[in-house]
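Morning, everyone. I have one structure to show you today. Have a look at the screen, and then I'll walk you through it.

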Amino acid sequence: MKSFFRSVALAALLSLCSSFAAEAVPESHEHHDHTTHHHRSRPDAKAPIGVMADHTHHAGGWMLSYRYMHMSMDGINASDMEASMAGYSVVPTEMTMDMHMLGAMYAPSDKLTLMLMTNYVLKDMDMRSIGGPSSHNHAMQQMGMHMNHRNQNGHMMSHSEHMATESGSHGSSHGGHGNHSHSTEGWGDTVLSALYSIFKGETLNAHVSLGIGLPTAEVEERMHGSYQPYGMQLGNGVWDLRPSITVNGLQDRFAWGAQASGRISLESENDAGFRYGDQLAATLWASLPIQQAFALSARLLYQYTGDLEGQYDQMSHAASTPFGTENYGGENLIGALGGSFTGQEGWIEGHRIAFEFLYPLDQDLNGIQMETEYSFILGWQKSF
Ligand SMILES: [Cu+2]
């Protein structure tokens, strides 16, 4: 029911946008001018900032970009009872992921644009004991492995203090014992792509892209000698292929676009013994210039992630859900609203500042997982 209302709200937003599009918007002459990027000045010419590999450049064109993404997850898709019945005694309560994405594009010809993207990622996850059938042993194990953890109050506790707390309240509720946090940070996987224009017209263009993912991310992040949960690793850590096809439409009063993309692993496991599931995504957007330099956008995104394959090659804490390989993958339907400012002249010419706020409309996740609360992306791009 909740997701039904979300869908209705998004449909209303999209139709609002399209009706705005029918209203008078300053006639854009910019895209007939003499610049090499003849669509550059239209504030709606580029896709919402959350879409990657959305455009190509003209021969000799360069672009640098920086995006900051924040994702917040809150709660899980199961009750404590369900998690306990599934054999778990610790569940995540909150997780945040922050990502700094750096990108560069260069077009050796009108047909071909090359793109390099890399990212630096920071992840934080809080866990809570739910007191399952064997929670005592697991909680003890968890404490033993996780010395110097923050306790509920955020204070650092030494191993011996943990043990004292544990034995001091032995026999009472295990509520607080498993509470602890995980955090990781570092460089993620790197993607090198070639974008090839297959059609370039006044109002419509299309391109395909093929990226190669390089396993530059650390996938053996540990805490006190033991692997972090799968979801806390910094990337996939395998060579993969990232194909996509994008269509961009530029009408007099608005722009639209659609993209289908995938991530297909070329290896069955990374250095730690697993890999995340392959991904397929489809997205559709409309973008509306509301004045010379500013545009608003609405977007729908569907993402499918397959099952996590393999498993850690060393013992890990199976007592908490993020260590269960069955608790990864699933489907997401996301709605997004964004804004984009494109500098028209003077020193800001060629600069674009954009944001996008993404809200989950429906989540169908495998096993027991955290649900996404929201995410947002802030970005800067500069074309030369
Ligand atoms: Cu670009």
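I'll start with the whole chain, then go to the strands, the cores and a few single residues.

First, a caution. This is a predicted model. So how confident is the predictor across the chain? The average pLDDT is 82, and 76% of the residues score at least 70. Two stretches fall well short of that score. Over residues 16-40, pLDDT stays under 50. The model has 31 contacts beyond four places in sequence for residues 16-40. Residues 134-177 also stay under 50. For residues 134-177, the model has 54 contacts beyond four places in sequence. Please keep both stretches in mind when you look at the picture.

Now the overall make-up. The chain holds 17 strands and four helices. It has 384 residues, and 39% of them count as buried. Next, take the contacts between residues at least 6 apart in sequence. Of those, 71% join residues at least 24 apart.

On to the strands. Begin with β1, residues 62-76. Which strands does β1 pair with? One is β2, in the antiparallel sense, over 13 bridges. Within that pairing, methionine 63 has methionine 105 of β2 as its bridge partner. Another is β17, residues 370-383. That pairing is antiparallel too, over 12 bridges. Here methionine 71 stands opposite serine 375.

Now move along to β5. Strands β5 and β6 pair in the antiparallel sense over 10 bridges. Alanine 194 has its bridge partner, leucine 210, in β6. How many residues make up the hairpin connection from β5 to β6? Three. β6 covers residues 204-214. It is also joined by 10 bridges to β9, residues 240-250, and those two run antiparallel. Leucine 204 stands opposite glycine 249 of β9.

Next, the cores. The largest nonpolar core has 21 residues. Which members touch the most other members? They are Met115, Phe254, Ala255, Trp256, Trp285, Ala286 and Leu288. Several strands each supply at least two residues of this core: β3, β5, β10, β12 and β13. There is also a second, separate core of 13 residues. Met73, Ile76, Tyr88 and Ala319 are among its members.

Stay with methionine 115 for a moment. Leaving out residues up to four places away in sequence, methionine 115 touches Ala53, Gly103, Met105, Ser193 and Leu195. We have already met Met105, as the bridge partner of methionine 63.

That list also brings us to alanine 53. Alanine 53 is in the loop between α1 and β1. Buried or exposed? It has 27 C-beta neighbours inside 10 Å, and the cut-off for buried is 20 or more, so alanine 53 counts as buried. Its backbone is worth a look as well. Most residues other than glycine have a negative phi. Alanine 53 has a positive phi, near 50°.

Histidine 224 makes a good comparison. Its phi is also positive, about 50°, although it is not a glycine. It is in the loop between β7 and β8. Here the neighbour count is 11 inside 10 Å, and 12 or fewer means exposed, so histidine 224 counts as exposed.

Two more residues. Glutamate 94 is in β2. Why does it count as partly exposed? Because it has 16 other C-beta atoms within 10 Å, which lies between the two cut-offs. Not counting residues up to four places away, it touches Met73, Asp74 and Asp126. Met73 belongs to the second core. Now compare sequence and space. Glutamate 94 and threonine 372 are 278 residues apart in sequence, but their C-alpha atoms are 9.6 Å apart.

Last, glutamine 259, in strand β10. It has 22 C-beta neighbours inside 10 Å, so glutamine 259 counts as buried. What does it touch beyond four places in sequence? Val51, Asp54, Ser244, Ile245, Thr246 and Thr283. Glutamine 259 is 53 residues along the chain from alanine 206, and their C-alpha atoms are separated by 9.7 Å.

To finish, go back to the picture. Find β1, with β2 and β17 as pairing partners. Then find β6, which pairs with β5 and with β9. Thanks for listening.

Terms used: Residues are numbered from 1 along each chain as its sequence is written. This is a predicted model: local features need pLDDT of at least 70, side-chain atom pairs count only at pLDDT 80 or more; totals for chains, interfaces and linings use all residues. Two residues are in contact if their C-beta atoms, placed from the backbone, lie within 7 Å. A nonpolar core is a set of buried Ala, Val, Leu, Ile, Met, Phe, Trp, Tyr and Cys residues joined through C-beta atoms within 7 Å. Two strands pair if DSSP finds at least two bridges between them. pLDDT is the predictor's confidence in each residue, from 0 to 100.
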